[in-house]
Amino acid sequence: KREKKEKVNSFNKDISEEDIRIATFLKKKMFIKYNENEKVKTRIDKLKMIRKKEKSNNGLKIVLIGDSQIGKSAVLYQLANAKFLSEYKTSPFDQLTTRFKDPKRNCDYTLSIIDIGASDFKRMSESNEAIKELGFSNADVYILAYSVNNPASLNSLETYWLPKIKEFTSSAMMFLLATQIDKRDNFECLTQLLQANTSPLTQHEGVTFMNKHDLECYAECTAREPVTEIFSAIVDILC
């Protein structure tokens, strides 16, 4: 115990003012990075053509997936209510339909968003395949979410969620979203991660994951701040 305390105290001393300044900046500033890979650009062009032929309205079906307790519901609540949701009871499926005005195009879009709770979803039996299909099918966009404060949640995207998506579709946009970036400079969170011999996930790790899996875009946010830029980026790519 004494060794751990000393390690934590030493870690705290090693954090420079510059580290704190950068962490504070990242906490408040949303970051969005588009994938410039030619293969990805070609797929986006195909997706746009499909939308043009098959969908004449300004509606988008978005499936938000990822492990439980990583801030997905808080992101949706911030989008719908322009405020932070501090407490939420998770459920297998949470649906939100909201009107979204894209400031770049000055155009209204209807976003139909399904938030799939991971722990309940993974426990579903084979008899619930229809429910799984209802959540996954005909989506325009999959937002693959993870928390920078939970490294295992990024690993789950690779080992569980991406293969699961591929079972249902090969023609939807994939958007990587890092949540809870305000926790990057939270001392309590940093201490807990240090005691587990790990650290918050970085922006570089998110961009690397996007490139590795040919995802269309990477963004990071905190639900304590407005998240409209995320959905503007989705509209920007697809419409």
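A salt bridge is a side-chain nitrogen of Lys or Arg within 4 Å of a carboxyl oxygen of Asp or Glu. By that criterion, a search of the whole structure, which is a predicted model, finds 12 salt bridges. Three of these pairs are described below, followed by a salt-bridge network and two nonpolar cores.

**Asp-214 and Lys-39**
- Asp-214 and Lys-39 form a salt bridge in which the closest N and O atoms are 3.1 Å apart.
- Because Asp-214 sits in the loop between α9 (203-212) and β7 (217-220) while Lys-39 belongs to helix α3 (residues 38-54), the pair ties together parts that are 175 residues apart in sequence.
- Asp-214 has a relative accessible area of 15% and is buried, whereas Lys-39, with 54%, is exposed.

**Asp-140 and Arg-51**
- A salt bridge joins Asp-140 to Arg-51, with 3.4 Å between the closest N and O atoms.
- This pair links distant parts of the chain, 89 residues apart: Asp-140 lies in the loop between α6 (129-136) and β5 (141-147), and Arg-51 lies in helix α3.
- Asp-140 counts as buried at 9% relative accessibility, and Arg-51 counts as buried at 8%.

**Lys-72 and Asp-115**
- Lys-72 and Asp-115 meet through their side chains in a salt bridge, at 3.7 Å from N to O.
- Here helix α4 (residues 72-81), which holds Lys-72, is linked to strand β4 (residues 107-116), which holds Asp-115; the two residues are 43 residues apart.
- Lys-72 is buried, at 6% relative accessibility, and Asp-115 is buried with a relative accessible area of 4%.

**Salt-bridge network**
- Glu-36, Glu-38 and Lys-41 are joined into one network by salt bridges that share partners.

**Nonpolar cores**
- The largest nonpolar core has 35 residues, of which Phe-175 and Phe-231 touch the most other members.
- Helix α10 (residues 228-238) gives the most to this core, contributing seven residues.
- Outside its neighbours within four places in sequence, Phe-175 is in contact with Val-141, Tyr-142, Ile-143 and Leu-144, with Cys-217 and Ala-219, and with Ile-230, Ala-233 and Ile-234.
- A second core, separate from the largest one, has 26 residues, including Phe-136, Ala-139, Trp-161 and Ile-165.

Conventions. Residues are numbered from 1 along each chain as its sequence is written. This is a predicted model: local features need pLDDT of at least 70, side-chain atom pairs count only at pLDDT 80 or more; totals for chains, interfaces and linings use all residues. Side-chain values use heavy atoms; hydrogens and water are left out. Helices (H or I, at least four residues) and strands (E, at least two) are DSSP runs, numbered from the N terminus. Buried means under 20% relative accessible area, exposed over 50%, partly exposed in between (1.4 Å probe, protein chains only). A nonpolar core is a set of buried Ala, Val, Leu, Ile, Met, Phe, Trp, Tyr and Cys residues joined through side-chain atoms within 4.5 Å. Contact means heavy atoms within 4.5 Å.
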